[in-house]
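Here is a short briefing on how some helices pack in this structure. Look at the model first, then read the points below.

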Amino acid sequence: MQRMPRLTAGYFFVYTIQMEATLTPRCPKCGTEVSETDIFCPHCGFELKPHAIDTSVAKQVLIYSVSFFLAPFGLHYAFTYLKQSDERARMIGITSLVLTVVAIAIGIIVVQQFFSQAYSQLDLINSVTGF
Ligand SMILES: [Zn+2]
């Protein structure tokens, strides 16, 4: 009866090692254990997260502002973020793309209205002057 706890402890030890092996991320290049938050391997410098992209609120505000107020330049951000595998980054990309399209649509409507007003005023002048 004395052996049981030792055996259990032994299994637990093996189990812990196996869990450790599957859960601890390792550098694909040199095999060194790395932390989840590491972007580069501390041992060989291998880039673990090649596209660790900024999804902070400040960055989102910048991207959405550029997408809306400087419409065509937002497309660069939109496609960069859409290419990411991260769900959050893709949502930012989609939002940026939608804002760009909306901003361009508004721009086209404003320009069209400006010209139609200009033309109607021109027509008015023409009809008054008789040309
Ligand atoms: Zn490494």
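Two residues count as in contact if their C-beta atoms, placed from the backbone, lie within 7 Å. The model is predicted. Two helix pairs are covered here, and helix 4 takes part in both.

**Helix 2 with helix 4**

- Helix 2 spans residues 57-69, and helix 4 spans residues 87-129.
- Their axes lie 7 Å apart, at an angle of about 25 degrees.
- Angles under 35 degrees count as roughly parallel, so helix 2 and helix 4 are roughly parallel to each other.
- The crossing of helix 2 past helix 4 is right-handed.
- On the helix 2 side, the contact residues are Q60, I63, Y64, S67 and F68.
- They meet I92, T95, S96, L99, T100 and A103 of helix 4.
- This contact of helix 2 with helix 4 holds six nonpolar and five polar residues, with no charged ones.

**Helix 3 with helix 4**

- Helix 3 covers residues 71-82.
- Its axis and that of helix 4 come within 7 Å and cross at roughly 160 degrees.
- That angle makes helix 3 roughly antiparallel to helix 4.
- Helix 3 passes helix 4 in a crossing that is left-handed.
- Helix 3 contributes A71, G74, L75, Y77, A78, Y81 and L82 to the contact.
- From helix 4 come A89, R90, I92, G93, I94, S96, L97, L99, T100, A103, I104 and G107.
- By class, the contact of helix 3 with helix 4 has 13 nonpolar residues, five polar and one charged.

**Shared residues on helix 4**

- Residues of helix 4 that meet both helix 2 and helix 3 include I92, S96, L99, T100 and A103.

Conventions. Residues numbered from 1 in each chain as written. Predicted model: local features only at pLDDT ≥ 70, side-chain atom pairs only at ≥ 80, totals over all residues. Axes fitted to C-alpha atoms, helices over the stretch in contact; angles between N-to-C directions. Helix = DSSP H or I, 4+ residues; strand = E, 2+ residues; numbered from the N terminus. Parallel < 35°, antiparallel > 145°, perpendicular 65-115°, else oblique. Left-handed = near helix turned anticlockwise from the far one by under 90°. Nonpolar A, V, L, I, M, F, W, Y, C, P; charged D, E, K, R; others polar.
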